[in-house]
Amino acid sequence: MTDLADIVTSAFWRVNPPDADPQETREWLDAFDALVQSEGRERATFLLRKLLDHARAKRVPLPPVLNTPYKNTVGLADQPQFPGNLEIESRISAMVRWNALAMVVRANRAHAELGGHIASYASAADLFEVGFNHFFRAGVDGDLIYFQPHSAPGVYARAFLEGRLPEERLAHYRQETSGKGLSSYCHPYLMPEFWQFPTGSMGLGPLNAIYQARFMRYLEHRGLLKTASRKVWAFVGDGEMDEPESLAGLSLAAREGLDNLIFVVNCNLQRLDGPVRGNGSIVQELEGLFAGAGWNVLKLLWGSDWDALFARDHDGVLLKRLHETVDGEFQTYAATDGRFNREHFFNKYPELTELIAGMSDDDIDRLRRGGHDPVKIYAAYRAALEHKGQPTVILAQTKKGYGMGLWGQGKMGTHQQKKLDDDALREFRDRFAVALADEDVVQLRFLHPAADTPEMKYLHARRQALGGYLPSRLTKTDKLGVPALQLAPSRNQSTTMSFVQLLSQLMKDPSIGKRVVPIVADEARTFGMQTLFRQFGIYSAVGQLYEPEDHEELLYYREAKEGQILEEGITEAGALSSWLAAATSYSSHGTPMLPFYIYYSVFGFQRVGDLIWAAADSRSRGFLVGGTAGRTTLAGEGLQHQDGSSHLAASTIPNCRAYDPCFGYELAAIVEDGSRRMLEAQEDVFYYVTVANENYPHPAAPDGARDGILRGMYRLRDGAQVQLMGSGPILREVIAAADLLQSDWKIAAGVWSVTSFTELRRDGMHAERERRLGRKATSWVEQCLESTKGPIVAASDYVRAVADLIRPYVPRSYTALGTDGFGRSDTRAALRSFFEVDARHIVVAALAAIDAKLAAAALDRYHIDAVSRPPWER
Ligand SMILES: Cc1ncc(C[n+]2csc(CCOP(=O)(O)OP(=O)(O)O)c2C)c(N)n1
């Protein structure tokens with residue numbers, strides 16, 4: 001068995017195998033150079049390809065091509081002139097570093113519980129600063145930046161220098177309830193005029209950034225907005241790349257040729273507990289992954305001080321030493337001084353010792369990693385900006401806690417470091433030559449030079465040249481008119497079909513039709529949406545390069561460059577990210593859109609719930625449509641497909657308006673009102689609506705129902721002895737139960753359609769609070785039920801906790817029925833009987849609340865056997 005350590009240390013030899021005949025190699029290389037010289041690079045690529053094919057045919061093993069040596073991709077010869085003033089920029093950067101650190105340390109001196117991070121931004125500072133000074137373009141036609149979340153202190157510190165955040169806000173870092181504070185991480189909900197993208201939950205930022213870049217192409221190709229000159233930058237931690245979501249969109253980005261997308265992975269080699277790949281190399285691993293997915297990879301590993309060393313490294317011993325060093329060792333080298341590095345890194349080989357002859361320990365200490373050298377960062381960013389046809393990832397090597405000296409740089413526990421003692425603060429001040437007296441250091445005074453200092457003039461001039469300041473978020477946009485939506489009564493159809501009819505009404509509307517973005521994750525046919533394929537087209541960046549198999553059919557599978565439907569394939573996380581980009585387009589692009597993402601309801605809140613929270617935090621506006629909803633309505637699909645809890649999850653998201661309608665006219669009212677609230681009134685809310693695939697008759701809307709539909713319940717039928725409430729398709733069981741109560745037991749039941757238990761609860765909570773605070777308020781549930789008589793029974797196709805949401809506001813005896821336990825595959829009738837939400841069980845529940853003897857008689861009459869169940873399914 002091969003020893004793993006051998007594999008790791010032989011990484012160098014895999015990339016740079018020993019040369020058995022250097023003379024011959026030289027001749028081959030000279031010949032190749034001559035070819036490039038005379039016939040160009042394209043021809044050289046062609047011949048290389050031919051050679052590889054030929055080698056394959058001869059069964060010559062091919063060398064690994066996805067990894068390159070452990071050095072900068074942009075060589076010295078290709079390095080552009082740095083256009084800025086390095087000295088001034090380094091002074092600005094020192095001030096930002098200091099203010100960020102002071103802000104976190106101050107907060108934690110006052111309240112040790114507040115937390116915060118110093119070490120992450122300390123590693124990312126130069127990567128951000130070069131972006132701010134030279135690349136990030138502001139404005140509605142500018143770039144979009146996804147910041148690494150726990151580097152937020154640095155972004156605040158810069159905004160403070162720019163005069164965009166007053167000192168008082170910095171003094172309230174992580175103390176938000178007063179309204180004066182700053183959020184821990186990037187939260188558009190909490191700082192709506194500042195942060196654009198919530199990245200605090202690791203992995204979502206990189207995925208969202210990819211779909212944002214793709215959505216910008218979609219806007220361009222559909223003729224809605226010119227986006228070609230804009231870039232999406234995503235700053236990601238190397239530890240964050242462990243998240244599956246971070247990798248989930250890589251191939252899409254390459255497939256779509258998203259050269260408007262730049263990832264910068266901050267490879268400080270550490271995550272929270274320790275090294276990201278202590279026994280390997282995160283840079284090499286990520287290079288292989290990104291290159292394999294089809295990205296342009298730029299390694300930014302070494303600062304300018306290393307140039308001379310590499311230039312003298314004729315026999316490749318420096319490179320060999322770098323390759324055999326695993327990240328755990330690089331971390332130790334970051335945490336130690338020049339002397340230690342000399343002894344342990346350089347003195348391993350005599351050739352290396354010779355290479356650094358004449359360098360003092362201080363010189364060695366000053367050898368910077370690439371991500372700390374603005375000149376190298378600039379070169380990589382420029383190369384990324386100019387690259388065509390592929391997305392680019394920059395793998396930037398940095399030191400975690402850079403400049404935090406013995407107290408933090410490269411230390412295992414540095415991520416958690418948020419308090420520094422006075423010595424450490426003074427050392428940091430000295431390290432970055434921050435102009436503060438000892439006393440000010442101890443007081444953690446913020447730096448804010450006068451407007452006429454060269455630093456401030458430079459800082460503002462740079463931002464002016466790049467279009468203004470960022471991050472900055474647009475909160476308002478054009479209002480769009482929404483048409484009235486109508487659905488005729490129908491004899492036999494599902495709410496899914498009703499939804500598709502409404503969707504096509506909206507898509508055909510002359511004013512907002514173009515703004516509608518239908519999104520599916522390979523389920524359009526499930527929802528009967530294939531009718532939209534031909535008419536509206538499926539978006540494809542390259543159009544349709546093949547004749548579709550069904551081209552002779554009326555509704556064939558039509559892909560088009562200007563196609564409107566986003567057919568994402570089997571990726572709920574990707575589809576949700578697309579939806580998020582469209583749902584925040586009003587803000588990111590000043591172009592309001594109306595996205596509808598329709599999916600299997602169980603694969604929403606349950607599967608990608610965190611992304612839905614990110615959408616909420618982003619103040620998304622759009623519709624999530626949970627299709628094939630309900631634990632008994634989906635019938636045959638069984639356990640893993642049957643959703644019984646999404647409404648419960650939806651109820652916890654403050655700006656999510658969730659509805660579970662039964663009839664087409666309810667759905668029409670909800671979609672119309674929702675579209676108006678989002679597009680006309682510009683409310684920062686989004687909608688979750690469940691639709692189902694059961695066919696049944698849909699009556700005309702009763703007069704005066706609209707208000708109740710939107711508030712969450714309205715009366716369908718009067719009845720004085722018991723009140724029955726139902727939502728979604730289970731409402732029909734409730735109606736049937738009312739009929740049975742009348743025919744079999746001579747009991748008059750009132751019937752209420754509940755379109756939203758969650759909205760009723762929200763309204764109930766509000767009324768309850770108002771009363772507690774001494775004001776007058778009556779919840780809608782109370783208003784509806786107070787004048788009625790008899791016990792109240794509710795049923796839905798979700799767990800009982802959903803109907804239970806309104807229990808505090810129900811004025812009398814209340815029985816909540818639901819579908820708790822595990823799903824099963826069976827017919828709808830069998831499932832509803834099993835979960836005890838069918839008409840007969842609703843009758844039994846109503847009778848039990850009136851008179852237990854009647855209930856016993858009903859069990860008998862309807863031949864209901866009380867099936868015994870395991871405790872967790874009771
Ligand atoms: C989904 C998720 N899981 C865990 C965390 C907690 N967390 C915050 S920062 C961090 C470590 C990040 O390491 P890395 O991405 O390498 O960034 P660095 O701080 O080293 O720059 C973790 C685990 C989180 N924010 N999100």
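Student: How do the residues of the shell around the ligand divide into nonpolar, polar and charged?

Tutor: Keep in mind that this is a predicted model. The shell around the ligand holds 18 residues, with Ser120, Gln148, Gly239, Gln270 and Lys400 coming nearest. Sorted by class, they come to two nonpolar, eleven polar and five charged.

Student: Which residue has a polar side-chain atom 2.7 Å from an oxygen atom of the ligand?

Tutor: Let's go through some polar contacts, where the cut-off for a pair of N or O atoms is 3.5 Å. Histidine 150 puts a polar side-chain atom 2.8 Å from a ligand oxygen. Glycine 239 also sits at 2.8 Å from a ligand oxygen, but through a polar backbone atom. The side chain at 2.7 Å belongs to lysine 400.

Student: And how much of the ligand's accessible area does the protein cover?

Tutor: Take that lysine 400 contact again, with its polar side-chain atom 2.7 Å from a ligand oxygen. On its own, the ligand has 580 Å² of accessible area, and the share covered by the protein is 75%.

Student: Over to the five-stranded open sheet: which strands are at its edges?

Tutor: Read the order, S16-S18-S17-S19-S20, with mixed pairing. An edge strand here pairs on one side only, and that picks out S16 (713–717) and S20 (814–817). Ignoring direction, neighbouring strands in this sheet are turned by 20° against each other on average. So much for the twist; the edge strands are S16 and S20.

Student: What is the bridge partner of glycine 726 in S18?

Tutor: Start with the strands: S17 spans residues 722–726 and S18 spans residues 749–754. They pair in the parallel sense over five bridges. In S18, glycine 726 is bridged to serine 753.

Student: How far apart in sequence are the parts that the pair of phenylalanine 82 and tyrosine 378 ties together?

Tutor: The count of aromatic pairs comes to 53. In this one, phenylalanine 82 and tyrosine 378 meet edge-to-face, 5.6 Å centre to centre with 80° between the planes. Phenylalanine 82 is in the loop between H4 (41–57) and H5 (86–110) while tyrosine 378 is in H19 (residues 374–386), so the separation of the parts tied together is 296 residues.

Student: Any backbone oddities? Which residue has a positive phi although it is not a glycine?

Tutor: Most residues other than glycine have a negative phi, and most peptide bonds are trans. One cis bond runs from leucine 470 to proline 471, with omega near 5°. For the phi of about 70°, look in the loop between S3 (261–267) and H12 (282–293). There you'll find leucine 269.

Key:
Residues are numbered from 1 along each chain as its sequence is written. Side-chain values use heavy atoms; hydrogens and water are left out. A residue is near a molecule or strand if one of its heavy atoms lies within 4 Å of it. A polar contact is a pair of N or O atoms within 3.5 Å; within protein, one must be able to donate a hydrogen and the other to accept it, and residues adjacent in sequence count only if both atoms are side-chain atoms. Accessible areas come from the Shrake-Rupley method with a 1.4 Å probe; for residues, only the protein chains shown count as cover. Ala, Val, Leu, Ile, Met, Phe, Trp, Tyr, Cys and Pro count as nonpolar, Asp, Glu, Lys and Arg as charged, and the others, Gly among them, as polar. Two strands pair if DSSP finds at least two bridges between them. Helices (H or I, at least four residues) and strands (E, at least two) are DSSP runs, numbered from the N terminus. Axes are lines fitted to C-alpha atoms, for helices over the stretch in contact, and angles run from 0 to 180 degrees between N-to-C directions. Rings of Phe, Tyr and Trp (its six-membered ring) pair if their centres lie within 6.5 Å; planes under 30 degrees apart count as stacked, over 60 as edge-to-face and the rest as tilted.
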